[in-house]
Amino acid sequence: MRVPYLFVVPALLAYGAVVLYPTVAGGYYAFTDWAGRRVAPSVVGLDNFVELLGAPAARAALRNTLVIAASTTVVQTVVGLALALALHSSLRSRHLLRTLFFAPALLPPVIVGFLWQYILTPGGPLNGALAAVGLSSLQQNWLGDASIALASVIGVIVWQNAGLTMVIYLAGLQGVPVELLEAAEIDGANRWQRLRRVTVPLLIPATTIAMSLTLIGSLKLFDQVYVMTGGGPGYATETLSVVMYKEAFVSGRYGYAAAIALVLTMIVFAFALLQLRGLRRFQVDA
Amino acid sequence: MTTTGTHLRRRGVAAVIAATAAVALAACSGFVNSDDGEEGDGTGSGTVSAYVNTEQSAGLAPLLEGFESETGLTLDVSSANTDELNQQLRVQLTSGTAADLIRVSPGYSSPVAVGVLGQEGELADLSDAAWADDLTPDTASLADVDGSVMAFPVSRNAIVMAYNREVFEQAGVEVPTTWSELLAACETLAAAGVTPIAAPFQGGIYFQFWVYAMASTLVYPVDPEIDERMRAGETTFVDSAEWNAAFARIAELNDAGHFSDGMLGIPPDQGLQAVATGDAAMVLMVSAGLPQLYGYSDAGEEGFGVFAVPASDDAGATHVPLAPDFLAVNAAASNPDGARQLLDHLAQPENVEAYANAMGVLPGLGVEVTLESTVLDPIMPLLDEGRTTGYANYLWPNGDVQQTMLQSGQEWLDGSITTEELLGQMDAEYAKGTP
């Protein structure tokens, strides 16, 4: 069969100009000291990467990024699965509840950031609600206390995206054969054993998708953090994406920012690959 | 034959892709030879493009109609908030798409500051403009790059303490003129159940006002050459007794509990609202933000007063930090003469006055003007006596010193790091010099 190469050329050119060239150029700038000026940058070898590894702020950002990624991936998966199992039932209000739980995922992350920044201020609605129900002792400076700010950010991310994970699991649950569950029940398996031995193994493909999306999204997390805390207080919620943005667009250190972007890309790639391979081992056929 | 034909076609396609890609890559390249800058048409006619911040856009709009009709020039004005503008302008200058007239930061405070862009040759020399003689001393030093004037001040902002008149009256507090009086006022207000000072330090923007205000009185009047000496490596933040004194003042207020509870989690708008509602008595802010404060209160402008925050027990030593809001002419402007004409138009005393009155700011140039608002009257004597300084960060060699102060300053406020550690981190960024 003859391949119509000429028809592919425009698409290839567009792809090359919009995706490939910027990607390769970004990789090149990571090894330069480019400050965004109209003069060619100097190649500085691995200096940007050495600085990245040595800078306390960057190390804190890397640590925070990994903590956010691990936490949100685990918590969001568990919460999303729990919601899906609860709402994969004959509950009369299930459609309304599914819509309500999924709704936050439809909001732009920046809007979510602004909303929660307001809710979590010391005199904001959350502390007000706690006081109203006699739980004043639980009031916190949610985003202004360095010891809990990161947890607050993680909570907001899970709140927004758990509904998306729930929808993925609901779709997965449609593919779990009823006869298998019935057979397990006849064999004497209780509710927990049916979930543990039948449902969860058959949901591995859905888990792979849900965890991959969550992991990649949380590794490159920017919007909510930038809006809610700007990386603060101090460096308590700084992520690699926020540091990259500040270095490029606030400090004008585009070469260093490109190095951060390259490291982040490699981390995302490595984690996504490991996760896909790891989960594939547990995959079973219905 | 078929194989050969396909092979040839493949090679042909590859050649087309390679050639087109080469053209595309060349077009995408952000680097140009320094000789490639566009020359202005030198006619003073045609279109003048401008990229300004939103405040400048609002203040300039009424002045531009007359300019267009007088000169026959057409203006193409774009605007964005300052943060967004700063981020985009660097890219526009690099790609050769920047406007003729651009908003630039003072001194060396960002990658698009006058000092940084002036040294890179991105800005036109405006030293021969008639208005250059009307620059006030606090502004002139920030508009100067190697002896040349490279920026025009549209207006100036001051850092002032805004206070709720009713709260002060109910607590029986007079406007403090010395540091001891300020501390006493805070104690009286705290005893009355009011937060003495709203401290919306989330993000650090309002924290920096305290640093600049303390430095304005305690650092620069005492050691006017300190920036030169720091650049020469003769002293540092850590070694400077004046800088240590400035941070000690802020620490004193913080340790006494005079700032808002949970200050690192309070965003600026909520800090202003606290003062407007009377939950807090005062807030240190830029004068350009006063209309926002008034908007939160039914009392409006009448409900608030301002004063220069004292930092020592000599009332006559108090200085006010001032910041110019600059415009500059792009060195590669398509219409540099038109851009200069526009600046000359804005420099007319009646236009300086009109802009200041429309925006409620201080006049950019030191010309005779009559301000309609009396809000800033309490600080005008200080301006008349020359008791002003620029914001401290403007003459720091790069924007990262300020960024470190903003972020590490939060750690300092919550006690995670000492003053010496904070100043040491700022010194480390300072030592990197201007990029």
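These questions and answers go through the contact between chain A and chain B and the confidence of chain B in a predicted model.

Mentor: In this predicted model, local features need pLDDT of at least 70 and side-chain atom pairs count only at pLDDT 80 or more, while totals for chains, interfaces and linings use all residues. Residues are numbered from 1 along each chain as its sequence is written, chains are lettered from A and ligands numbered from 1 in the order in which they are written, and side-chain values use heavy atoms, with hydrogens and water left out.

Trainee: How many residues does the contact take from chain A and from chain B?

Mentor: Contact means heavy atoms within 4.5 Å, and 41 residues from chain A and 41 residues from chain B take part.

Trainee: What is the area buried between chain A and chain B?

Mentor: Buried area is the accessible area (1.4 Å probe) that two parts lose on being put together, summed over both. Here that comes to about 3,200 Å², with 56% from carbon and sulfur atoms. On the chain A side, Arg37(A), Arg38(A) and Tyr235(A) lose the most area to chain B, together 24% of what that side buries.

Trainee: How many salt bridges does the rule find across the interface of chain A and chain B?

Mentor: A salt bridge needs a side-chain nitrogen of Lys or Arg within 4 Å of a carboxyl oxygen of Asp or Glu; the rule finds zero across this interface.

Trainee: Why should residues 1-44 of chain B not be read in detail?

Mentor: pLDDT is the predictor's confidence in each residue, from 0 to 100, and over residues 1-44 of chain B pLDDT stays under 50. Where pLDDT is low, predicted coordinates should not be read in detail.
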